[in-house]
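This report is meant for a reader who is meeting the structure for the first time. It begins with a pair of charged side chains and then moves on to the overall fold, the interior and the surface.

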Amino acid sequence: GVEIHMVSITGETKVTGSHGIEIKCDTCIGQENFSETELFVLPGGMPGTKNLGACKALTELLTASFEAGKKLAAICVKSKVLYGMQPIPQNRCARN
């Protein structure tokens, strides 16, 4: 199996999505050591995608992870968060 950690960017472990579905995250960004994380997967949907892109701690983590050769993926957001990040080259982002 695969061990996953759901991480909130809000500072609260309880997160409510745009459809009113509440989830409980394992931790909050800044409280977890991601040095051994192999893959980061970002959820899709609005306005969550904009919130992810606006989270400096997350974009810095993803940039450093990309530079370290880690894998990044985005679901159903046409890679919007990843596509606009530097130094991720545009030709490295798959879009649907």
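In this predicted model, the side chains of glutamate 60 and lysine 56 come together in a salt bridge, with a distance of 3.7 Å from N to O. In general, side chains of opposite charge can pair when their charged atoms come close. Both glutamate 60 and lysine 56 belong to helix α2, where they are 4 residues apart, about one turn of the helix. Glutamate 60 is partly exposed, with a relative accessibility of 45%, whereas lysine 56 reaches 59% and counts as exposed. The structure holds 1 salt bridge in total.

The protein as a whole contains 3 helices and 6 strands, and from the N terminus on these elements follow the order β-β-β-β-β-α-α-β-α. It has 96 residues, of which 28% count as buried.

Which residues make up the largest nonpolar core? There are 11 of them, namely Ile29, Phe34, Phe40, Leu42, Leu52, Cys55, Leu58, Leu61, Leu62, Phe66 and Leu72. Strand β5, covering residues 39-42, and helix α2, covering residues 56-67, each supply at least two residues of this core, and α2 gives the most, with 4 residues. Helix α2 therefore has two roles to describe in this picture, since it supplies core residues and also carries the partly exposed glutamate 60.

Two of the core members, phenylalanine 34 and phenylalanine 40, are both buried. A pair of aromatic rings is described by the distance of the centres and the angle of the planes. The count of aromatic pairs comes to 1, and this pair is formed by phenylalanine 34 and phenylalanine 40, whose rings are tilted, with 5.8 Å from centre to centre and 50 degrees between the planes.

The cysteines can be considered next. A search of the whole structure finds 0 disulfides. For cysteine 28, which is in no disulfide, the nearest cysteine sulfur is that of cysteine 25, at 7.2 Å; a disulfide would need the two sulfur atoms within 2.5 Å. Cysteine 28 is buried, with a relative accessible area of 3%, and cysteine 55, a member of the core, also counts as buried, at 11%.

On the surface, Val2, Ile4, Met6, Ile21 and Ile23 make a nonpolar patch of about 510 Å². One of these residues, isoleucine 23, is found in strand β3, which spans residues 22-24, and at 35% relative accessibility it counts as partly exposed.

Glycine 45 is placed in the loop between β5 and α1, the latter spanning residues 48-54. It is partly exposed, with a relative accessible area of 32%. Glycine 45 and glycine 17 are 28 residues apart in sequence, and their C-alpha atoms are 8.7 Å apart in space.

The table below gathers the relative accessibility of individual residues.

| Residue | Relative accessibility | Class |
|---|---|---|
| Cysteine 28 | 3% | buried |
| Cysteine 55 | 11% | buried |
| Glycine 45 | 32% | partly exposed |
| Isoleucine 23 | 35% | partly exposed |
| Glutamate 60 | 45% | partly exposed |
| Lysine 56 | 59% | exposed |

Definitions and conventions. Residues numbered from 1 in each chain as written. Predicted model: local features only at pLDDT ≥ 70, side-chain atom pairs only at ≥ 80, totals over all residues. Heavy atoms only, no water. Core = buried A, V, L, I, M, F, W, Y, C linked by side-chain atoms within 4.5 Å. Buried < 20%, exposed > 50% of the residue type's maximum accessible area, 1.4 Å probe, protein only. Phe/Tyr/Trp six-rings, centres within 6.5 Å; stacked < 30°, edge-to-face > 60°. Patch = residues over 30% accessible without salt bridge, like charges linked within 9 Å, V, L, I, M, F, W, Y side chains within 5 Å. Areas by Shrake-Rupley, 256 points an atom, 1.4 Å probe, with all protein chains shown as cover. Salt bridge = Lys/Arg side-chain N within 4 Å of Asp/Glu carboxyl O.
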